[in-house]
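Hi,

Here is the structure I promised to pass on. Have a look at it, and then read on for what turned up.

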Amino acid sequence: KRLRSVTATVSRFAEGDYQQRVEPGSDDEIGQLGRTFNQMADRLVESMAKMKMNDALRRELVANVSHDLRTPLASIQGYLETIFMKENEIDEERRQQFLDIIYQNTTMLNRLVGELFELSKLDARQSEPEKEPFSLIELAQDTVLDFQPRAEKQGVLLEADFSPELPFAHGDIAMIERVLTNLVENALRHTPAGGRILLQITAGENALRCEVMDSGQGIASEDLPHIFDRFYRGEKGRQHKGGTGLGLAIAQKIIEAHGGEIS
């Protein structure tokens with residue numbers, strides 16, 4: 001009777017009723033069989049849920065990639081067709097304006113494809129950090145110097161703040177540079193003229209803490225839980241061109257690969 005009950009439960013599970021579980025009843029062999037089936041069923045249901053979530057994310061990613069590729073491609077095609085069809089009607093200044101727009105779109109496409117490739121390598125763990133001791137202070141100073149001309153052009157004050165006695169960091173210097181570059185670039189994109197950006201490094205427990213702060217518009221509370229999602233851009237962020245919506249996802253993958261946290 002108990003074996004028939006187990007068989008019936010397994011059959012209903014096999015037919016798609018994934019809530020079915022065996023009542024073990026005792027510690028004998030049939031009870032052990034029931035508990036083993038229940039553990040297997042739980043793992044299967046959990047795996048199926050993950051697969052469904054991954055499939056939904058994959059579809060969303062494909063849709064977002066398609067949209068982000070299609071938009072600049074359509075723009076490039078439209079302006080090129082205009083140049084070809086109205087070659088004798090367009091003056092040199094307007095032609096140059098069209099070519100500038102085409103160049104901006106191809107640059108954005110190149111960046112998007114590059115970041116997608118970088119993210120896929122991080123996902124597949126093909127890009128593991130090659131850790132070594134390095135000065136995070138020097139890296140921060142270099143990052144600030146790299147962005148100083150752009151900050152001055154925008155009328156934004158870009159500064160670094162840290163104690164000279166901080167210990168060395170242990171990580172992949174190129175990967176951490178990628179994170180700092182992304183965060184400072186984001187801050188510049190969202191800080192208007194007259195604003196200030198501060199890159200601050202302090203010592204935490206068993207780790208260095210790096211913060212990028214700016215006087216820009218900030219992030220809306222409803223957007224905060226999603227800022228590390230791929231292709232996510234808050235409504236305010238959509239007004240700013242140049243971002244692919246992948247930078248923070250890449251930064252998160254890099255920091256997690258180092259055993260750190262980003263928020």
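To start with the layout: what pattern of helices and strands does the chain follow, read along the sequence? The answer is α-α-α-β-α-β-β-α-β-β-α. That gives 6 helices and 5 strands in the chain. Please keep in mind that this is a predicted model.

**Overall shape**

The radius of gyration of the chain is 26 Å, whereas a compact globule of 263 residues would come out near 18 Å. Taken along the principal axes, the C-alpha atoms fill a box of roughly 90 × 65 × 35 Å. As for the inside, buried residues account for 29% of the 263 residues.

**The salt bridges**

Side chains of opposite charge can pair when their charged atoms come close. How many salt bridges are there in this model? The count comes to 9.

The part I would look up first is a network of salt bridges that links Arg 111, Arg 150 and Glu 185. Take the pair of Glu 185 and Arg 111 to begin with: their side chains meet in a salt bridge, at 3.4 Å from N to O. This pair links distant parts of the chain, with Glu 185 in helix α5 (residues 173-189) and Arg 111 in helix α3 (residues 92-123), 74 residues apart.

Glu 185 also forms a salt bridge with Arg 150, and here the closest N and O atoms are 3.6 Å apart. Since Glu 185 lies in helix α5 and Arg 150 in helix α4, this pair ties together parts that are 35 residues apart in sequence.

Is Glu 185 buried or exposed? Glu 185 counts as buried, because its relative accessibility is 17% and the cut-off for buried is under 20%. Its two partners come out as follows: Arg 111 counts as partly exposed at 27% relative accessibility, and Arg 150 counts as partly exposed too, at 32%.

There is another salt bridge to look up, between the side chains of Glu 211 and Arg 209, at 3.6 Å from N to O. Glu 211 has a relative accessibility of 26%, so it counts as partly exposed.

**Patches on the surface**

Which residues form the negative surface patch? They are Glu 138, Asp 142, Asp 146 and Glu 177. Helix α4 (residues 136-154) supplies the largest share of this patch, with 3 residues. Asp 146 is found in helix α4, and with a relative accessible area of 55% it is exposed.

There is a nonpolar patch on the surface as well, formed by Leu 80, Phe 84 and Met 85. Together these residues have about 360 Å² of accessible area. Leu 80 is found in helix α2, which covers residues 29-85. Why does Leu 80 count as partly exposed? Its relative accessibility is 31%, and partly exposed covers the range between under 20% (buried) and over 50% (exposed).

**A few single residues**

Asn 206 has a positive phi of about 60 degrees although it is not a glycine. Where is Asn 206? Its place is in the loop between β4 (196-203) and β5 (208-214). Asn 206 is exposed, with a relative accessible area of 84%.

Val 6 is found in helix α1 (residues 2-14), and it is buried, with a relative accessible area of 9%. From Val 6 to Pro 24 is 9.0 Å in space, C-alpha to C-alpha, and 18 residues in sequence.

Met 175 is found in helix α5, the helix that also holds Glu 185. Met 175 is buried, with a relative accessible area of 12%. Met 175 and Glu 128 are 47 residues apart in sequence, and their C-alpha atoms are 9.5 Å apart in space.

**Where to click**

If you open the model with little time, go to Glu 185 and its salt bridges with Arg 111 and Arg 150. After that, turn to the negative patch, with Asp 146 as one of its residues, and then to the nonpolar patch that includes Leu 80. Asn 206, with its positive phi, is a good last stop.

Cheers

How values were computed:
Residues are numbered from 1 along each chain as its sequence is written. This is a predicted model: local features need pLDDT of at least 70, side-chain atom pairs count only at pLDDT 80 or more; totals for chains, interfaces and linings use all residues. Side-chain values use heavy atoms; hydrogens and water are left out. Patches are made of residues with over 30% relative accessible area and no salt bridge: like charges are joined within 9 Å, nonpolar side chains (Val, Leu, Ile, Met, Phe, Trp, Tyr) within 5 Å. Accessible areas come from the Shrake-Rupley method with a 1.4 Å probe; for residues, only the protein chains shown count as cover. A salt bridge is a side-chain nitrogen of Lys or Arg within 4 Å of a carboxyl oxygen of Asp or Glu. Helices (H or I, at least four residues) and strands (E, at least two) are DSSP runs, numbered from the N terminus. Buried means under 20% relative accessible area, exposed over 50%, partly exposed in between (1.4 Å probe, protein chains only). Lys and Arg count as positive and Asp and Glu as negative; His and the chain ends are not counted. The place of a charge is taken as NZ of Lys, CZ of Arg, CG of Asp or CD of Glu. The radius of gyration is taken over C-alpha atoms; the globule rule is 2.2 Å times the number of residues to the power 0.38.
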